[in-house]
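Got the model open and want to know what stands behind the labels people put on it? Let's go through some of them, one question at a time.

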Amino acid sequence: MIFLHILLLAVGFTLLVKGADWFVDGASGLARKFGIPQLVIGLTIVAMGTSIPEAAVSITAALKENADIAVGNVVGSNILNILIILGLASVIAPLTVRKSTFKVEIPFMVMITVVFVLLGRSGKGISKSEGIVLWVLFLIYLAYLFVLAKNSKEEKQEVEKRTFKLLFYIFAGAVVVVAGSDITVDSATEIAKILGVGERFIGLTIVALGTSLPELVTSVVAARKGNADIAVGNIVGSNIFNILFVLGTSALITPVPYQTEFFADGIFAVAAGVLLWVFCLKNKKLTRPGGIVMLLCYAAYFLYLL
């Protein structure tokens, strides 16, 4: 029976990754067609597009009252994004961090993670009103991106694909992601029951890894091609999106309970963000030694979860 649920989980992850890929392709192509700067596309559509699996899974989990998967997926993904994905990417090639990412986006990511931990800790859950707080912070972040994009100079790019085809990619991608999220939540919940482990553990590890596959692929490929700003910007943007939009939206739909055990996970997520900032202090680069330390930190965190 468990093999069937593992197979369904794999199917769910495949649908999530493929759907996110179609969505990003369609949205990016449409943005270029209308002359939206590449910087905006990278910081918004690509960063948020690769977080679509987290959004779909967490919102679906919240609707199904599987709060541990909803919260665990976001917190686990954010930890994994920094320590595993950026760790692996920096081992492949040194990652140069843009000035704005170092000075504004990484500190903002750490700050909102602290806000999330405090909100969850204070009321043992994230209420609808607190979901509004997260959404207000999200709108502030979008305003910052708009100002950043306005100051960037990008030429309009020609896109060969027709508008109808791009819209189809966006629609098909969204449908496939929703289907994948439904299968993923159901199968992950059943696996947790069969193995006798908590949904928190499943959400923080297996589901977090599966929904982080788009970030993993995007960042590792970007590192190999020398596009380091895309690799780091994608991860930081995705982590911000995960907390503010994903958990904010989940809380607006239904209050999200917060287990006391998540406090330690939240603190670890804050520490991962601080570690990333510290490693980028010198020359605004994340180098191989820093990447190795980050990978070892995740190994220690995984042992703690066990």
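Q: Before anything else, what kind of model is this?
A: It's a predicted one. The protein chain has 306 residues, with buried residues making up 53% of them, and its secondary structure comes to 12 helices and four strands.

Q: How do you know how far apart in sequence the contacting residues of the protein chain are?
A: Take the contacts between residues at least 6 apart in sequence: 85% of those join residues at least 24 apart.

Q: What makes the length of α1 agree with its number of residues?
A: α1 runs over 2-33. Its 32 residues, at 1.5 Å a residue, should span 46 Å, and the end C-alpha atoms are 46 Å apart, so the two agree. The expected span is worked out with one less than the number of residues. After α1 comes Gly35, with a positive phi near 75°.

Q: Why is Asn283 called exposed?
A: The cut-off for exposed is over 50% relative accessible area. Asn283 has 61%, so the label fits. Asn283 sits in the loop between α11 (262-279) and β4 (285-286).

Q: And why does Lys284 get "partly exposed"?
A: Buried means under 20% and exposed means over 50%, with partly exposed in between. Lys284 has a relative accessible area of 29%, so it goes in the middle class. Lys284 is also in the loop between α11 and β4.

Q: What makes the backbone of Asn283 and Lys284 worth a look?
A: Each has a positive phi although it is not a glycine: about 65° for Asn283 and about 50° for Lys284.

Q: Why is Thr249 called buried?
A: Buried means under 20%, and Thr249 has a relative accessible area of 15%, so it counts as buried. You'll find Thr249 in helix α10.

Q: How do you know that the side chains of Thr249 and Trp135 make a polar contact?
A: The pair of N or O atoms has to be within 3.5 Å. For these two side chains the value is 3.1 Å, so the pair is inside that limit. Leaving out residues up to four places away in sequence, Thr249 touches Ile59, Trp135 and Leu244.

Q: Is Asp265 buried or exposed, and why?
A: Buried: its relative accessibility is 0%, and so it falls under the 20% cut-off. Asp265 belongs to helix α11.

Q: What does Asp265 have for company in there?
A: Its side chain makes a polar contact with the side chain of Tyr301, at 3.0 Å. Not counting neighbours within four places in sequence, Asp265 is in contact with Val75, Ile79, Arg200, Leu204, Tyr301, Tyr304 and Leu305.

Q: Why is Ala56 called buried?
A: Its relative accessible area is 13%, so Ala56 falls below the 20% cut-off. Ala56 lies in helix α3, and beyond residues up to four places away in sequence, it touches Val177 and Ser181. Ala56 and Thr184 are 128 residues apart in sequence, yet 9.8 Å apart in space, C-alpha to C-alpha.

Q: What makes up the lining of the second largest pocket?
A: There are 18 lining residues, with Met48, Ile52, Ala55, Phe241 and Phe245 nearest the centre. The elements giving two or more residues are α1, α2 (38-49), α3 (52-63), α6 (128-150), α7 (163-195) and α10 (228-253). α3 gives the most, with five residues. By class, the lining has 14 nonpolar residues, four polar and no charged. The space in this pocket is about 290 Å³.

Q: How many cavities of 30 Å³ or more are there, and what makes the second largest one count?
A: The count is three. The second largest has about 40 Å³ of space, and with 30 Å³ or more as the bar, it makes the list. Its lining includes Asn78, Ile82, Met109 and Asn239. α4 (67-92), α5 (99-123) and α11 each give two or more residues to that lining, which divides into five nonpolar, four polar and no charged.

Methods. Residues numbered from 1 in each chain as written. Predicted model: local features only at pLDDT ≥ 70, side-chain atom pairs only at ≥ 80, totals over all residues. Heavy atoms only, no water. Buried < 20%, exposed > 50% of the residue type's maximum accessible area, 1.4 Å probe, protein only. 1 Å grid on protein atoms, 1.4 Å probe; cavity = no way out; pocket = protein on both sides within 12 Å on 5 of 7 lines; lining within 4 Å. Points joined across faces, edges and corners; volume = space filled by probe spheres on them. Nonpolar A, V, L, I, M, F, W, Y, C, P; charged D, E, K, R; others polar. Polar contact = N/O pair within 3.5 Å; in protein donor to acceptor, adjacent residues only side chain to side chain. Contact = heavy atoms within 4.5 Å.
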